[in-house]
Every structure is written in C-alpha cells, then in structure tokens.
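Please work through the following exercises on contacts between and within protein chains. Each task is followed by a solution in steps.

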Protein chains: 2
Amino acid sequence: MKTQTTNFTPGPSQLFYTVADHMRIAFREGIPSLSHRSKRAETIYKDIVEGLSELLDLPPSYHIFFTGSATEIWERIIQNLVRKNSFHLVNGSFSKRFYEVANQLHKVADKAEVLPGQGFSENITLPPDTELMAITHNETSTGVAIPLELIHKIKESAPQTLIAVDAVSSLPFPAFDYTKIDSAFFSVQKGFGLPAGLGVWMVNEACLQKAGQLLAEGASIGSYHSLPSLRDNAVKNQTPETPNLLGMYLLSKVIADMNRIGIKRIRSETEYKAAILYQVLENHNMLQPFVRDKRLQSKTVIVADTGEHTGKLTKRLLDLGLQPGAGYGPGKNSQLRFANFPTHSRENFEHLVDCLSTY
Amino acid sequence: MKTQTTNFTPGPSQLFYTVADHMRIAFREGIPSLSHRSKRAETIYKDIVEGLSELLDLPPSYHIFFTGSATEIWERIIQNLVRKNSFHLVNGSFSKRFYEVANQLHKVADKAEVLPGQGFSENITLPPDTELMAITHNETSTGVAIPLELIHKIKESAPQTLIAVDAVSSLPFPAFDYTKIDSAFFSVQKGFGLPAGLGVWMVNEACLQKAGQLLAEGASIGSYHSLPSLRDNAVKNQTPETPNLLGMYLLSKVIADMNRIGIKRIRSETEYKAAILYQVLENHNMLQPFVRDKRLQSKTVIVADTGEHTGKLTKRLLDLGLQPGAGYGPGKNSQLRFANFPTHSRENFEHLVDCLSTY
C-alpha cells in the first residue's frame, strides 16, 4: 500500500491525522491494558463528554453512551424508545436498514420512502401514535443529506414523538439544534477518523424517561446496554461492560484536537471542500453529481455519477495517490463516493478537484 | 507509570508481548482504516478462524463470530438459544450476571447457586425443559474453575440441552472437548492479552439450528447480531456491522504467535506457573489460597486471601514492579487476584513467587 495515498472512502475513512501519534502515546502510557474501573479510565470518559459537548454544543441535559458500533445503536434505540410504533424516513440502504431493525424487533414500523438520491417534502404526516421518528441525516449510500430545517421542524409538529437522528457519516459537521431532536449517534470511523469499533450514542432526558417507562410497564429493553444500565454506569463515568477503552482514549484526543481547531473552522472548511468538488462535477463533460437538488447535496459524502468512466477514473485517481470510495449497492459500477471529513485538508480536495477537472 | 511493571490484573491484563509490534505494523499497512468489505479484511477473519481452530482444536463444524464484548455474548446467547427455559450454575459475580441477563430478557431462568469460592456437585439435576445450560468455566471474581470432566458430563446426561461455556478468563488454557459443549466464548483482553473491545463467540450447528427454529416460530432473536445474521456474513468472512477490525487483526496475529509457541507448551507453562504460586500461598504464614479445594483452583486466575496484609502487600509488590489485581466485590479489601495468562512468563511468576515468599 502506498503510504502517500489519501483515502476518500466514506468509512472506514482516512484516519484523523493525529491518530498515529495518539496511539504511540497510548501504548507508552499503558492505555491498552488500563482497567475500565480505574480513575484514569473515568477521566477518559469525562474528557469525551466535556469535549463532545463543547464541539457539538450539546445541552447540559444530554447524556453520552458508548456501544460497539452505530449498527448496535439502531437496535438499542428501537429496544429502548419504542413500545409499538416507529416511523422511518427511508431514502437509501442505511435508512432502510434502520427501518428493518424495527421490524426484526417486532415493532410496528411505518415509513415514508422515496427513491435513493431523493429527499422528503416539508409536509411529512406522522401517524398519530408515532413514538419514535427515525431520520438518517446523511445517507452514506447515496450522498443525500436531509436539510436541518426539515429535521428541526418535525419536533414542532409532533412534540410527543422522540426524534432520533443517525448522523453516522456527517458528524461533527452538522450544527444540529439538539433541543429539537432527542437522540443522535455516530460511529468513530467516519468524520472522527478513528479505527472502527466504537459507537457514540447521545440522548436527552426524554429518552431516559421513555426507557424507564417501558421497563416499568414490564417490557424487555435489553440487558447491559439498556438506557438505564448505561445511565447508571455513566454517572460514574463508567460503562456496563469492559469497553473499547483504547478507542475511547483516541476519541477523547481527537475531540480535543478538533476543539483546538474549532468547530467553526471545521465547518467552513467542509463547506469549501464540498463546494469545489460539486463545482467540478457540475461543470464536467463526463461526470456529474448524483444528487441534483442542491438543497439535498451532502457536504460530507459526495457521490459522483461516473457511468462508463468508473473503472478508468478510479485507476487514474489511484495512480495519483487518491483512493475514491466505490459506489454503494446499485451504484457500485457507475458511481464513486468521496468522503469530505475533517481529516481531509483543503489541499487534498484541491488536488482531487484538479485531477477530476483534467480527466 | 513504570514501564517495567508486570501487570497481573485479571483483565484488562498485561498485553501479549507481541502486541505493540503488531500495532506498529498495522498502522504501516493501513489496517486502522481498512474497509471491512475488502479482501484483506476477509483474510483477517479467515486467519482467526483457521488459527483459533488449530489452537483450540475446534471441530470443523464450529463457527466463529465477533461481538463488541463477552458481555454482549451473554445477551446474544439468551436471545438466540432460549425460547423459555435456561439453567445457570452460579458461584460468583460473573456467573450471576449471566443468570440476570436471562431474567432481563424475560426468560424463565433457573439456577444452582453455591457460595462464592465453591464448586458444584457431580450430580446436577436439570429441570426437564432446560433448553440452555449456562456455565461459567472460570469465575474471575473468585478464582474457581469448574472441572472439565463435570462440564463434559452434563451433555451426556442432557443431550437435548445446549451447553454454553463462558471461558472469558480461561481460554486458551482449558482443553475443552468441543463435541461435548455447544458454545464457548471469551473476550480478547484476558488470556489473549489484547486491548479490550472484541468478543469471540464460538457456536456449533445445533446453536444455529436452535436460533433458526426460534426465528421460524416468530420469536425476535435480535437484528444484526442474531446467529443467522452473523452466519450469513461469516460464510463470506465478513461481519454484519463495521467491526473492530484493528482488534481482529491483532487477534489474528496473537493467535498465530500462540500457534508458533504451541498450545501444549502454553498449557504446561500455565500449569507450572499456577503450581508454584499455589505452593507459595499454601506454605505461607500470612497468606493462603482463597479456593481451598484443589480440584476447583483456577489455573488462570489465582486468588489469595491476604486479609489485613492486603494494603501493605500490594504496596510491596508494586515497589517491586508487580501489579496485583484487587479482590473483587466482597474480597476487595482482603484478597488479591493474580492472572496467569500466556503473556506472563515463567520468570515473571518466579519473581512474583520470590517476592511473596519473602514477605
């Protein structure tokens, strides 16, 4: 493998540029065999909570829990927040899988479904008994991002419904108003640029109340990773199980690095990098953005229709040290995906854009 | 932290001595951001299956799956292998938690319970409808290991019952006869000496059949980590979710290292190290083994009754570069625990034994 290659795959992605250094220090300091019941481990948990609250501007009432993956969080959300009825916005492979999890857990799952690459109208009517609305902010499979205004408006029209936002491939970029959603989650191998194996689940008090209510009614909401179990341990800055503490340590360090850079700068650079990539695709003779509606174009996962050029273009980019992500599912042979995460520098994107424009 | 300290805590434990090197190579080879759908990732999965099958002498019909933790496996076992009735051998904190998971998942859980530090009689009578028998081979909290003959005998008396063995803090040491149990599992931060964040679940065909049966009957057996979902991915050497692939890579390398050493030598050295530690405890004026019955004394987690000497002895050992594990739960202030894992050398144990004998 060329060490100079920049990895644009949307996940697992290029490591955040400080991770190798943090890993070296972790070994020097004994983090890989640190007890998860030690004071030092509690400090790592606390550093993440404080750092992430600053980075994302979380309200103080939010709780932060850890799982093995974001896939696990789909299951925990359905288990802990739905007695019977969930409702899902489905516009691609990942939002569909979230919906399927609700079915597998025997809930009555309803959905509004549009074709991959499309978004949703502003007037989504929820069935009256909807307990949970599941929204995939950023469809990693197609590069559609649901506008924040739409997400924030749902709470106004359905204040009794819990809003859970899958932000796996968008955070830390989107500036969610966390007072208008009840839960958001991500996995660390995308925007945070870390090795996979850790999911981060953020919930407000309403979620904890709902889980407590289901438990009191006699429902089974799981065991070690039920919300009450996660909360009872989190108040001590601990986890129910022996967690991926090395991953948590690296996350705490990358969050601190991102806070030093500043979320404002991370967001403006993300906007800039997305703008120049979409521009070259718009103006290209042979390529174009898969998502045509500018309001729906993801800033963090940019999907190009590359058609018959897919193979040749991939080879060209690889020769130039640029690893594009393959298209997902039906787009496998006709699209390329480009992650635009905080670890990707402006120079990386300017190089990518140059290479595409001269293709 | 002193870099020369040998860590005898029973988990997370001292790293296997090759792990730091493997981690360096992993970064050099791009493993931390490797796609879990790549050929290289499939090779890592395959290496673990082949290596672990050799190390543990698994029958070819066994399947190997990955979870976030062994704690998760408790839940998945109950979800996938129990319609209604499970039966648990309880003799300490961890076997008790396995039992509690069954209750939390609304099964009818029964148990044979003895005091911490004790074992079970040879004539365990299972209730006639027992679908699953849950056995904690090695109680990490007390240092009791259930004799293999007892475990193997259960299958003979109850051939229709699935036997699941929690071997979290004993593998790879015990030479289970896998034709007489149906499932075994461990987490990587103990005997395998790896950073925490990965559980390894081994099951035979009978387990897969049971899960398929429950699913066909309309039971909910979970979503991404149900046995059918794990199996459907494992046949492609893949996982349902983005896994802790870096942890899997390190595991594949440590298993290969252990196969080079040879399981026979690992087992005989474990026996030797346990023997000299138990001997010094038996002969000591102020210390003694917590588990008095030699047939029940764990070879991999050795618990010493240290009474009023606990604090002073801990300090003495730390001064000499030896980090003992604290007692667990009620034994917190009156016991010390010593892990005897493959990474601990004979020299480490001889040093420990010298220090104890001159106390």
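The exercises below concern a predicted model, and they treat the interface, the symmetry and the salt bridges in turn.

**Exercise 1. Describe the extent of the interface between chain B and chain A.**

Solution.

Step 1. Begin with the residues in contact: chain B contributes 45 residues and chain A contributes 46 residues.

Step 2. Turn to the area. The size of an interface is often given as the accessible area lost when the parts come together. For chain B and chain A this buried area is about 3400 Å², and carbon and sulfur atoms account for 59% of it.

Step 3. Consider the polar links. The rule finds 8 residue pairs in polar contact across the interface of chain B and chain A, both residues of each pair being at pLDDT 80 or more. Helices H1 (19-28), H3 (70-81), H4 (93-104) and H8 (245-261) of chain B each supply at least two residues of the side that touches chain A. H3(B) gives the largest share of that side, 5 residues. By residue type, the side of chain B that touches chain A comprises 19 nonpolar, 20 polar and 6 charged residues.

**Exercise 2. Determine how chain B is related to chain A in space.**

Solution.

Step 1. Superpose the copies: a turn of 180° with a shift of 0.0 Å along the axis lays chain B on chain A with an RMSD of 0.0 Å.

Step 2. Interpret the operation. The two copies are therefore related as by a two-fold rotation axis.

Step 3. Locate the axis relative to chain B. Of the residues of this chain, Gly68(B) comes closest to the rotation axis, its C-alpha lying at 2.4 Å.

Step 4. Compare the two surfaces. Because 100% of the interface residues of chain B are also interface residues in chain A, the copies meet through the same surface.

**Exercise 3. State how many salt bridges cross the interface of chain B and chain A, and examine one of them.**

Solution.

Step 1. Recall the principle: side chains of opposite charge can pair when their charged atoms come close.

Step 2. Count the pairs. The rule finds 2 salt bridges across the interface of chain B and chain A, whereas the search over all chains finds 43.

Step 3. Examine a pair. Glu75(A) is joined to Arg76(B) by a salt bridge whose closest N and O atoms are 2.7 Å apart.

**Exercise 4. For the salt bridge of Asp257(B) and Arg260(B), establish which partner is buried and which is exposed.**

Solution.

Step 1. Place the pair: Asp257(B) and Arg260(B) both belong to helix H8 of chain B and stand 3 residues apart, about one turn of the helix. Their side chains meet at 2.7 Å, N to O.

Step 2. Apply the cut-offs, under 20% for buried and over 50% for exposed. Asp257(B) has a relative accessible area of 9% and is therefore buried. Arg260(B), at 63% relative accessibility, counts as exposed.

Step 3. Extend the view to linked pairs. Salt bridges that share partners join Glu72(A), Glu75(A), Arg76(A), Glu72(B), Glu75(B) and Arg76(B) into one network.

**Exercise 5. Identify the parts of chain B that the salt bridge of Glu156(B) and Lys180(B) links.**

Solution.

Step 1. Note the distance: the closest N and O atoms of Glu156(B) and Lys180(B) are 3.9 Å apart, and the cut-off for a salt bridge is 4 Å.

Step 2. Assign the elements. Glu156(B) lies in helix H5 (residues 148-157) of chain B, and Lys180(B) lies in the loop between strand S8 (162-166) and strand S9 (183-187). The partners are 24 residues apart, and the pair links distant parts of the chain.

Step 3. Assess the accessibility: Glu156(B) counts as exposed at 55%, and Lys180(B) counts as partly exposed at 28%.

Methods: Residues numbered from 1 in each chain as written. Chains lettered and ligands numbered in written order. Predicted model: local features only at pLDDT ≥ 70, side-chain atom pairs only at ≥ 80, totals over all residues. Heavy atoms only, no water. Contact = heavy atoms within 4.5 Å. Buried area = accessible area lost by both parts, 1.4 Å probe. Polar contact = N/O pair within 3.5 Å; in protein donor to acceptor, adjacent residues only side chain to side chain. Helix = DSSP H or I, 4+ residues; strand = E, 2+ residues; numbered from the N terminus. Nonpolar A, V, L, I, M, F, W, Y, C, P; charged D, E, K, R; others polar. Least-squares fit on C-alpha atoms with pLDDT ≥ 70 in both. Buried < 20%, exposed > 50% of the residue type's maximum accessible area, 1.4 Å probe, protein only.
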